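This report describes the fold and the internal packing of one protein chain. The reader is invited to keep the sequence and the structure in view throughout.

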Amino acid sequence: MEIYLFIIDVFFGIAYVFLLIWLFRNWRLTPNLNPSDFDQIPFKTRLSVVIAARNEDKNIKSCIESVLSQNYPSELMEVLVVDDQSEDDTPEILEDIKDPRLKVMRLGVYKKTTIQGSKKKAIAYGVIHAQGDLIITTDADCIAGSQWVSTIVRYYETYPAPLLILPVEIVGSSSFLSLFQKLDSMSTFFIQKTAHDAGFFQLGSAANLAFEKKVYLESDPYGDNMQIASGDDLFLIKKVNQLYKKQTVVLKSTDAIVQTSSVQTLSEFISQRLRWSSKVKKAGTLSLMVVSCFVWCSKFFTFLSPAYFYIVQNMQFFWASIALLVLHLIADFMVLYESTGFFKKRKYLWYFLPMEIMYFVYLFTIGLLSWIPFQLEWKDRKINV
């Protein structure tokens with residue numbers, strides 16, 4: 001029994017380390033792109049920024065102001081906000097923003113939930129009515145830097161791609177939960193970039209995506225899954241990749257980052273992560289599921305094997321499993337070292353060990369709970385995950 005467990009531990013431990021070394025190498029081979037890397041010729045792309053909003057009266061003004069403050073020709077840009085039947089002051093706040101580039105649309109009846117709304121319907125409505133050839137989506141609680149649009153368009157005009165996956169950074173308080181979310185968002189982008197370039201899977205967030213309108217219409221991303229509340233981003237990425245294999249891009253540029261705030265309570269965090277894991281189940285590819293299960297198993301065996309071998313007093317296997325755990329931690333530290341460097345937040349590396357322990361607990365717990373049917377509340381609506 002013990003020898004078999006040790007063989008499994010060795011397999012997952014070594015395979016995990018080699019996987020991260022390969023991804024680390026791919027990350028290092030890709031430079032961080034800056035607007036100055038491209039020819040500064042006049043922009044020519046008409047674009048539309050599409051934002052789906054529901055009950056975002058605390059965030060919507062800052063979000064829209066950051067988008068309207070872009071360093072991009074105003075005649076080539078429009079901002080479409082689709083209000084998904086907000087029941088707070090979001091509609092009134094939007095009406096007070098006076099800018100000819102801003103267009104506000106609503107789903108259903110004003111402040112009455114008369115349809116089974118979802119973010120997918122809001123995004124689809126905005127894209128269909130958009131005048132731009134290039135669509136950029138973000139969330140109503142995100143803030144973009146002034147070079148956000150110009151960086152995306154510079155890359156798109158130099159290297160045309162049907163879809164661009166862009167970085168999202170979580171910001172917020174200095175609480176332990178918030179710090180965990182910050183580090184998790186940074187390492188997530190590392191995985192998005194390196195796994196995409198390695199051909200494993202495509203993963204991204206609608207909080208920061210860019211795609212051609214014609215590609216959206218051709219792929220019809222929500223045609224067969226509108227009844228599923230989540231997955232607006234993964235279904236789109238999956239459908240586009242099926243039509244345009246190996247042509248999507250993950251843009252590694254700090255100027256293309258959007259920032260969003262961390263959730264503040266543990267219950268909100270668990271609810272959010274269960275929704276995210278639900279997206280993977282319903283919209284993820286087989287390769288994404290396989291890699292996710294592999295990482296879960298690697299964490300499980302690598303972290304628990306030393307405890308088991310110590311309990312049964314097999315000290316030879318105990319010290320060998322400790323060595324595998326150390327290698328595992330070094331590999332994870334390499335990932336965080338690179339990702340925090342990209343986001344210019346290497347000061348967070350001081351929290352590596354406690355965050356690594358929390359990540360094991362988080363991954364183990366959410367991994368198990370994600371297979372249990374739940375009904376959660378999101379934006380004052382009940383959704384099934």
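## Cysteines

A disulfide is counted where a pair of cysteine sulfur atoms lies within 2.5 Å. Such a link is a covalent bond between the sulfur atoms of two cysteines. The model discussed here is a predicted one. The sulfur of Cys293 lies 6.5 Å from the closest cysteine sulfur, that of Cys297, and this is too far for a bond. Cys293 is partly exposed, because its relative accessibility is 41%.

Over the whole structure, a search finds 0 disulfides. Cys142 likewise takes part in no disulfide, and its nearest cysteine sulfur, in Cys63, is 6.5 Å away. Cys142 has a relative accessibility of 2% and therefore counts as buried.

## Overall form

The protein chain contains 12 helices and 12 strands. Along the principal axes, its C-alpha atoms fill a box of roughly 70 × 50 × 40 Å. A compact globule of 385 residues would have a radius of gyration near 21 Å, and the value of 22 Å for the protein chain agrees with this.

Of the 385 residues in the protein chain, 56% are buried. Among contacts with a separation of 6 or more, 81% join residues that are 24 or more positions apart.

## Nonpolar cores

In soluble globular proteins, nonpolar side chains tend to be buried together. In this model, the largest nonpolar core has 69 residues, and Val127, Leu163, Leu209, Phe211, Tyr216, Tyr222 and Leu236 have the most contacts inside it. Helix α1, which spans residues 2-29, gives the most to this core, with 9 residues. A second core is separate and has 41 residues, including Ile97, Leu134, Val249 and Leu251.

Which residues does Leu209 contact, leaving aside its neighbours within four places in sequence? The contacts of Leu209 are Ile135, Ile136, Thr137, Leu163, Leu164, Ile165, Leu166, Asp233, Leu236 and Ile237.

## Aromatic pairs

The structure has 33 aromatic pairs. In one of them, Trp27 and Phe189 meet edge-to-face, at 6.1 Å centre to centre and with 85° between the planes. Trp27 belongs to helix α1 and Phe189 to helix α6, so their pair ties together parts that are 162 residues apart in sequence. Trp27 is buried, with a relative accessibility of 3%, and Phe189 is buried at 1%.

The rings of Tyr308 and Phe309 have centres 5.6 Å apart and planes at 70°; this pair is therefore edge-to-face. Tyr308 is partly exposed, at 29% relative accessible area, whereas Phe309 is buried, at 0%. Ring pairs also link Phe11, Phe12, Phe294, Trp296, Phe300, Phe301, Phe303, Phe360 and Phe364 into a cluster.

## Charges over rings

Two arginines place their charged ends over aromatic rings. That of Arg154 sits over the ring of Phe43, 3.9 Å from the ring centre. That of Arg346 sits over the ring of Tyr337, at 3.7 Å from its centre.

## A residue in helix α6

Ser187 is placed in helix α6, which covers residues 176-197. Is Ser187 buried or exposed? Its relative accessible area is 18%, and the cut-off for a buried residue is under 20%, so Ser187 is buried. Not counting residues up to four places away in sequence, Ser187 touches Val335, Leu336 and Ser339.

Terms used
Residues are numbered from 1 along each chain as its sequence is written. This is a predicted model: local features need pLDDT of at least 70, side-chain atom pairs count only at pLDDT 80 or more; totals for chains, interfaces and linings use all residues. Side-chain values use heavy atoms; hydrogens and water are left out. Helices (H or I, at least four residues) and strands (E, at least two) are DSSP runs, numbered from the N terminus. Buried means under 20% relative accessible area, exposed over 50%, partly exposed in between (1.4 Å probe, protein chains only). Contact means heavy atoms within 4.5 Å. A nonpolar core is a set of buried Ala, Val, Leu, Ile, Met, Phe, Trp, Tyr and Cys residues joined through side-chain atoms within 4.5 Å. Rings of Phe, Tyr and Trp (its six-membered ring) pair if their centres lie within 6.5 Å; planes under 30 degrees apart count as stacked, over 60 as edge-to-face and the rest as tilted. A charge sits over a ring if NZ of Lys or CZ of Arg is within 6 Å of the ring centre and within 35 degrees of the ring normal. The radius of gyration is taken over C-alpha atoms; the globule rule is 2.2 Å times the number of residues to the power 0.38.
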